[in-house]
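Please look over the sequence and the three-dimensional structure below, and then read the short report that follows.

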Amino acid sequence: MNYLTIENISKMYGEKLLFKDISFHIDKGQKIAMVAENGTGKTTLLRVIAGEESPEGENRKILMRKDIRTGYLKQDPEFQPGHNIMDAVFEIDHPLINAVKEYEQAVANPEDQKRLERASAKMDELNAWDVEARIKEILSKLNIKNLTQKVNVLSGGQKKRLALAKILIEEPDFIILDEPTNHLDIDMIEWLEQYLQQVNLTIFMVTHDRYFLEKVCDTIIELDGGKLYRYKGNYSDFLEKKATREEVGARNTERDMKLLKRELQWIRRQPKARGTKAKSRVNSFHDLDEKLSNKTVKQDLQIEIKGARLGSKILEAHYINKAYDDLVLIKDFDYKFKKREKVGIVGANGAGKSTLLKILTKEIRPDSGKVVVGGTIVFGHFTQDGIQLEQDKRVIDVVRDIAEYIPLANGMKLTAPALLERFLFSRKQQQVYVSQLSGGEKRRLYLLTVLMQNPNFLILDEPTNDLDIMTLNVLEDFLMDFSGCVLIVSHDRYFMDKLVDHIFVFEGDGHIRDFNGTYTEYRTRKKKEDREKKAVERIPEKSAKKDDYKNKPKSRLGYNERREMGKLEKQIAKLESRRAEILEKFNDTGLPADEINALSKELNELQGLLEEKEMRWMELAELDE
């Protein structure tokens, strides 16, 4: 069933062509992602599909199925002034949602007992308790707790999470998502991945999260040079097929250039008066010339900025503590950084990650403990809230306010305009105002202003938000070769896994764990530890039950019952062994989805059998005590 058909749409932004005559379609159940460089029109295309902007182009057509509901997650969501979180969450007019809203409001005002009774009766009548449980799960997973809080006091990240929760609660048929993983912590992202993998969901999204693309999407479309290219499969398939396309394109361009050169030599030799055949060749020459002139020459982002010299003493934290009232964020954190070290920081939103960064850079003071900064250290601090660029300034002036030129790693100097060109800001684009840049372009410009300070210790707080995949790849290459230290807070698991030597994990109550490995390795270890902990917790329960049986009066079992009991013990051991095998298989991150589903089903069946046989064994044990 077709949900959306796009045909021959184009869009200009001022004099800049974003896309021209692009066409594609989306069918029910498809999960399609769009990738492109910053500033090439990704968000604009989403706005066009959502009906918030008008398309251009002759014979343009946008056909959206009329009997479906659509949800659109914007980069910067807006809510009704004066609304609280509950108003925003339950804004949709639907009988089940209305019943849950009334029930939640009644629970929040328990003194009105009659209202609570009416609300509970309505929930029973509509069988809305499952809906209420689903809503609570979504709000809990996205860390939305205080439903009476006004939306106008929420941060940008909190508003994004609230908007995402609202869409998931409404359960639209077709979901449009603009950077859904921005402002989510890693636990939230992993939960959202599982949620969006549901077969009945139809999704069109823009995201730079490469693990997300790998696990959720079945199709990727690329907006490149104003044209659209469609790739069936996930992110791995996209990389492989894109490489093939570009290789073929490069061969064709080289062939066309040689042909153009031959035709140019021929046309210059011809007299003014030409026959029909000659005119045909002239027309072909002009067609080929236009074709090649329209080909965009790809520029690669180049980062070759020289870092300041790093001395023997780097950065030391001596038993740092920090709390706000009863909320303990950091407890006895002690660490000495080493040369060329690359460390990641992970943890839930609000756990204290940004606070630790600000303590290390001495922006805020710890409650106790001290920070020692080496004499040669020059921090480059990319902060979450650091994009305070003056909107009425031109791009070139933003850079010149810092320096007219900057030293490069090869010993040469680079002027401000040339440096901006290295960061993919053309001379023409350098004259535009900051307010005219896309979100990703602003972050790229902000990153440049940080690197221009010639740092040797980079502190990057969520640097990947809104950056396109191409820029991320180059940034990763730069950071891997960076001769100084790097400390990164990021929800981008791919970015972290590729770069860091070890990670600081905020595990709650101020405890920071130093894990020697990547984030993916940590998650695997943590899941194993959680399973072992649950197994240990179950042992006292079983022992207590056995003690109860021992204290009961003994009664002898017959031959058949004893034989049955022996068989049960062997069956239970066999089932527990198989359960352990399945749990071990789940540690394999490369396990195919169909095998995961089959193993999950088998695990549930095993659990049911185990409980049944253990219950029977206990019944027999009671008789034997």
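## Helix 6 and its surroundings

In helix 6, the buried residues (under 20% relative accessible area with a 1.4 Å probe, protein chains only) are Gly157, Lys160, Arg161, Leu162, Ala163, Leu164, Ala165, Lys166, Ile167, Leu168, Ile169 and Glu170. This is a predicted model, in which local features need pLDDT of at least 70 and side-chain atom pairs count only at pLDDT 80 or more, while totals for chains, interfaces and linings use all residues. Residues are numbered from 1 along each chain as its sequence is written, and side-chain values use heavy atoms, with hydrogens and water left out.

Helices here are DSSP runs of H or I with at least four residues, and strands are runs of E with at least two, numbered from the N terminus. Helix 6 is mostly covered, with 12 of its 15 residues buried, and its span from first to last C-alpha is 21 Å, close to the 21 Å expected at 1.5 Å a residue (1.5 Å times one less than the number of residues). Just after helix 6, Glu171 has a positive phi of about 50 degrees.

The buried residues of helix 6 pack against the elements in this table, where contact means heavy atoms within 4.5 Å.

| Element | Residues |
|---|---|
| Strand 5 | 70-73 |
| Helix 2 | 85-89 |
| Helix 3 | 95-108 |
| Helix 5 | 129-141 |
| Strand 6 | 174-178 |
| Helix 7 | 186-196 |

Elsewhere, strand 10 (residues 315-324) and strand 11 (residues 327-336) run antiparallel and are joined by six bridges, where pairing requires at least two bridges found by DSSP. Lys322 stands opposite Ile330 in strand 11. The two strands form a hairpin with two residues between them, and Asp325 in the turn has a positive phi of about 55 degrees.

Definitions and conventions:
Buried < 20%, exposed > 50% of the residue type's maximum accessible area, 1.4 Å probe, protein only.
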